[in-house]
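Trainee: Could you take me through one part of this protein slowly, as if we were looking at the screen together? I would like to see how a pair of helices sits in its surroundings.

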Amino acid sequence: MGKIFEKLTQLVDTKKFIDYRSIELLNPDKIHIKSAPYKPQALMQDLVEILPDETHCIIDSGSILGWSIQYLFPKKAKKIWYGLGLASMGSSIGTGIGAALASPSTPVAVLVGDGAFIMQNGDFHTAVHDKLDHLIFIILNDGCYNMVKFGQKLTGAAPIGYDIGMVDFVKMAEAYGAEGFEIQSVEDLVAFKDKGNLSRQRGPIILDVRVDANEETVMGLRAQVLRRKAEFQD
Ligand SMILES: Cc1ncc(C[n+]2csc(CCOP(=O)(O)OP(=O)(O)O)c2C)c(N)n1
């Protein structure tokens, strides 16, 4: 009985599962590439260093799901939230607002693709209007539905409908009466932090992060299943 208990305790020892040094990362070299446009893999790692340890990270659907699962390991592991239920694009914005209202003194970082932010940006207006502090929207801006683009490639589907064009989210922030910052590389991220922007108290902000649209997120298994299903249906 003692041994079984010991075994079970080992199994539920979450520290073992979240220790990223024991996880084999795909393309670990990408984490160290510092050139613009930002490699999403590098961005995930840099955010852990830039954001305060207690930050709640809210993850949208799209490529950010794969990037964050593989490369984002907040120092306080319970502070990460994945919207895996309906996985509706843009739902992280409302979730971030809820988190900011529930714990006003804790920083909240919403990580979201440009397509998802475009779909649901009316919620950003609510965050500005309600002057929610410590709320930062980190938009991975690549001008496309990246997950759709690579999903089509992986499954052999026709390459259609993924291009959405570049949006200037700094201007969108300003139009709503908020501040936005364009981030091309880690230097911009560090400069953003050094200017004290994270501890500011004047409502939500946007980071418009120009990420490399050619990076393929982690979705190989999902694509394999979809391909097999399509074969089965034929
Ligand atoms: C409301 C809604 N529509 C469609 C989808 C299917 N879907 C999942 S990810 C995705 C593309 C996401 O694009 P973007 O937000 O730009 O993120 P990226 O993958 O480019 O990083 C789509 C269309 C969804 N999850 N929710």
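Mentor: Happy to! Let's start with a crossing: helices α3 and α4 pass each other in a right-handed way. The residues of this contact divide into four nonpolar, four polar and no charged. Please keep in mind throughout that this is a predicted model.

Now look at the geometry of the pair. The axes of α3, which covers residues 40-50, and α4 come within 9 Å and cross at roughly 55°. The two helices are therefore oblique to each other. On the α3 side, Pro40, Gln41, Met44 and Gln45 make the contact, and on the α4 side they meet Ser63, Trp67, Ser68 and Tyr71. You may notice a rhythm in such numbering, and there is a general reason for it. An α-helix has 3.6 residues a turn, so residues three or four places apart point the same way.

Let's follow α3 by itself for a moment. Eight of its eleven residues are buried, so this helix is mostly covered. The buried ones are Pro40, Gln41, Ala42, Leu43, Met44, Gln45, Asp46 and Leu47. Besides α4, they pack against strand β4 (135-141), helix α10 (186-194) and strand β6 (205-210).

Its partner α4 has a similar story to tell. Eight of the nine residues of α4 are buried, so α4 is largely enclosed by the rest of the structure. You can pick them out as Ser63, Ile64, Leu65, Gly66, Trp67, Ser68, Gln70 and Tyr71. What covers them includes α3 and α8, together with the strands β1 (56-59), β2 (80-82), β3 (108-113) and β4. Strand β4 is worth finding on your screen, as it packs against buried residues of α3 and also helps to cover those of α4.

Next, turn to the ligand, where α4 comes up again. The ligand is surrounded by 18 residues, and the closest are Gly62, Ser63, Gly113, Gly115 and Asn146. The elements that give two or more residues to this shell are α4 (63-71), α6 (114-120) and α8 (146-155). By type, the shell divides into nine nonpolar, seven polar and two charged residues. Ser63 is a good residue to click on: it belongs to the contact with α3, it is buried, and it is among the residues closest to the ligand.

For contrast, try another pair, α5 (residues 91-102) and α7 (residues 122-129), whose axes come within 8 Å and cross at roughly 20°. That makes α5 roughly parallel to α7. The crossing of this pair is left-handed. Here Ile93, Gly94 and Ile97 of α5 touch Asp123, Phe124, Thr126 and Ala127 of α7. These contact residues divide into four nonpolar, two polar and one charged. Helix α7 also holds histidine 125, which is partly exposed, with 14 other C-beta atoms within 10 Å.

Finally, zoom out to the whole chain. The secondary structure comes to eleven helices and six strands, and buried residues make up 37% of the 234 residues. Among contacts between residues at least 6 apart in sequence, 77% join residues at least 24 apart.

Methods
Residues numbered from 1 in each chain as written. Predicted model: local features only at pLDDT ≥ 70, side-chain atom pairs only at ≥ 80, totals over all residues. Near = placed C-beta within 6 Å. Helix = DSSP H or I, 4+ residues; strand = E, 2+ residues; numbered from the N terminus. Nonpolar A, V, L, I, M, F, W, Y, C, P; charged D, E, K, R; others polar. Buried ≥ 20, exposed ≤ 12 C-beta atoms within 10 Å, placed from the backbone. Contact = placed C-beta atoms within 7 Å. Axes fitted to C-alpha atoms, helices over the stretch in contact; angles between N-to-C directions. Parallel < 35°, antiparallel > 145°, perpendicular 65-115°, else oblique. Left-handed = near helix turned anticlockwise from the far one by under 90°.
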